Every structure is written in structure tokens, then in C-alpha cells.
Amino acid sequence: MALDQSFVGRSYPPTDPYEVGREKIREFAEAVGDANPAYTDAEAAKALGHPDVIAPPTFVFAISFKAAGKVIEDPQLGLDYSRVVHGDQKFTYTRPVRAGDRLTVTSTIEAIKSLAGNDILDIRGEVHDEAGEHVVTAWTKLVARAAEPAAEGA
């Protein structure tokens with residue numbers, strides 16, 4: 001069943017603040033194999049003009065995807081998450097995420113499309129710091145695969 005187009009433009013309340021920690025940044029950088037010292041060494045980050053260590057560009061996925069859970073779990077939307085695959089991800093930064101940031105995410109359904117029986121859902125996450133300043137916009141594309149046709153005689 002196709003997702004309801006009337007949900008396009010619907011925004012969900014902001015998340016509770018997520019405090020970005022140095023250790024989380026270090027762990028993430030190690031997990032993705034990025035040895036940039038600005039991610040693990042405060043002095044290296046300061047030499048580049050940052051007040052503290054910064055996070056790798058894809059770090060924000062963890063909090064923006066968690067925020068998208070409000071969309072995914074909306075029973076009125078009717079998304080069958082058991083059929084969902086991650087289709088795409090992109091980010092547009094105003095500034096890097098830094099250790100000590102307290103970030104909130106507001107998710108908005110930007111588009112719903114149906115293609116070959118699959119539902120394609122685009123969610124935009126606006127990430128702001130504690131002062132209300134924009135940090136990054138994250139777009140997540142989810143594809144809900146079409147249900148398998150019922151077997152004959154079933």
C-alpha cells in the first residue's frame with residue numbers, strides 16, 4: 001500500500017539534546033578508519049581554528065537517523081519498516097560538529113514517491129546547536145520494498 005502523500009511537509013518535534021563527547025567522536029573516527037588528528041587531538045583541532053575536536057562528516061548520521069525514527073514509527077504514516085532499506089544519505093554543513101555541542105534534530109518528510117511498487121521516503125533532519133544555530137542538514141532516503149506477490153494456492 002502506497003504511503004499517504006499528505007504527509008509530505010509534516011515535521012516532527014525536535015529531539016532532546018544530544019551532547020557530543022570527545023570519546024564518541026574518537027570512537028566513530030576509529031570505526032570508520034579516519035585518522036584525521038582533528039577528530040582525536042584538541043590541539044590539532046585548535047591549530048585548524050576549532051575550539052575543540054570536531055567530528056567526521058558522517059558522525060551526525062547517528063543522531064539524525066535516530067530522530068528520523070519519529071517518522072518511521074508514526075503509525076499514521078503506515079511504513080512497514082521490515083521492508084525498508086537505506087537508499088541514500090547526504091549532508092550540508094554550516095559548520096563542523098564539535099565536542100561539547102548539544103544538538104537537537106527536527107525531522108520533516110520532504111518527499112514520498114512510489115516507484116515499481118516501492119515507496120521512497122525522503123526525510124530531512126535539521127540539526128541545531130543549543131543556541132538555536134543551524135549546524136547541518138541531513139537527508140535520509142529510505143526505500144520500502146514492495147511486498148512479494150502471494151504464491152498461488154496460498
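Alanine 116 is exposed, because its relative accessibility is 73%; exposed means over 50% relative accessible area, buried under 20%, and partly exposed in between, with a 1.4 Å probe and protein chains only. Alanine 116 sits in the loop between β3 and β4. Its backbone has a positive phi of about 55°, although alanine 116 is not a glycine.

Before going further, a word on what you are looking at. This is a predicted model, in which local features need pLDDT of at least 70 and side-chain atom pairs count only at pLDDT 80 or more, while totals for chains, interfaces and linings use all residues. Residues are numbered from 1 along each chain as its sequence is written, and side-chain values use heavy atoms, with hydrogens and water left out.

## The overall plan

The protein has 3 helices and 5 strands. Helices (H or I, at least four residues) and strands (E, at least two) are DSSP runs, numbered from the N terminus. Starting at the N terminus, the elements follow the order β-α-α-α-β-β-β-β. Along the principal axes, the C-alpha atoms fill a box of roughly 65 × 30 × 20 Å.

Of the 154 residues in the protein, 40% are buried. Among the contacts with a separation of 6 or more, 69% are between residues 24 or more positions apart; a contact means heavy atoms within 4.5 Å.

## The sheet

In what order do the strands of the open sheet stand? The order is β1-β3-β4-β5-β2, with antiparallel pairing. Two strands pair if DSSP finds at least two bridges between them. β1 (18-19) and β2 stand at the edges with a single partner strand each, so one side of each has no neighbour in the sheet.

Let us follow β4. It is joined to β3 by 11 bridges and to β5 by 10 bridges, and both pairs run antiparallel. In β4, 8 of the 11 residues are buried, so this strand is largely enclosed by the rest of the structure.

You can trace the pairing residue by residue. Threonine 106 has glutamate 126 in β4 as its bridge partner, and valine 105 stands opposite valine 127 in β4. Valine 127 also has a bridge partner in β5, namely valine 136.

The turns are worth a look too. The hairpin of β3 and β4 has 2 residues between the strands, and this is where alanine 116 takes its positive phi. The hairpin of β4 and β5 has 5 residues between its strands, and glycine 132 in that turn has a positive phi of about 85°.

A helix meets this sheet as well: α3 lies across β1, β2, β3, β4 and β5, and runs at about 55° to β3. For that angle, axes are lines fitted to C-alpha atoms, for helices over the stretch in contact, and angles run from 0 to 180 degrees between N-to-C directions.

## Three residues to compare

Here are three residues with their places and relative accessible areas.

| Residue | Place | Relative accessible area |
|---|---|---|
| Threonine 108 | strand β3 (residues 102-115) | 6%, buried |
| Glycine 21 | loop between β1 and α1 (22-31) | 24%, partly exposed |
| Glycine 78 | loop between α3 and β2 (84-93) | 51%, exposed |

Which residues does threonine 108 touch, not counting those up to four places away in sequence? They are Gly9, Arg10, Ser11, Asp122, Ile123 and Arg124.

The two glycines show how the chain folds back on itself. The C-alpha atoms of glycine 21 and glycine 100 are 79 residues apart along the chain and separated by 6.0 Å. For glycine 78 and alanine 2, 76 residues apart, the C-alpha separation is 8.9 Å.

## A cavity inside

Rolling a probe the size of a water molecule over the atoms shows where empty space is left. The structure holds 1 cavity of 30 Å³ or more. On a 1 Å grid over the protein atoms alone, a cavity is a set of points where a 1.4 Å probe fits but cannot get out, and lining residues have an atom within 4 Å of a point. Grid points are joined across faces, edges and corners, and a volume is the space filled by probe spheres set on the points.

The residues that line the largest cavity are Ser64, Ala68, Ser107, Ile123, Arg124, Gly125, Ala138 and Thr140. The elements that give two or more residues to this lining are α3 (61-72), β4 (118-128) and β5 (134-144). The largest share, 3 residues, comes from β4.

How values were computed: 1 Å grid on protein atoms, 1.4 Å probe; cavity = no way out; pocket = protein on both sides within 12 Å on 5 of 7 lines; lining within 4 Å.
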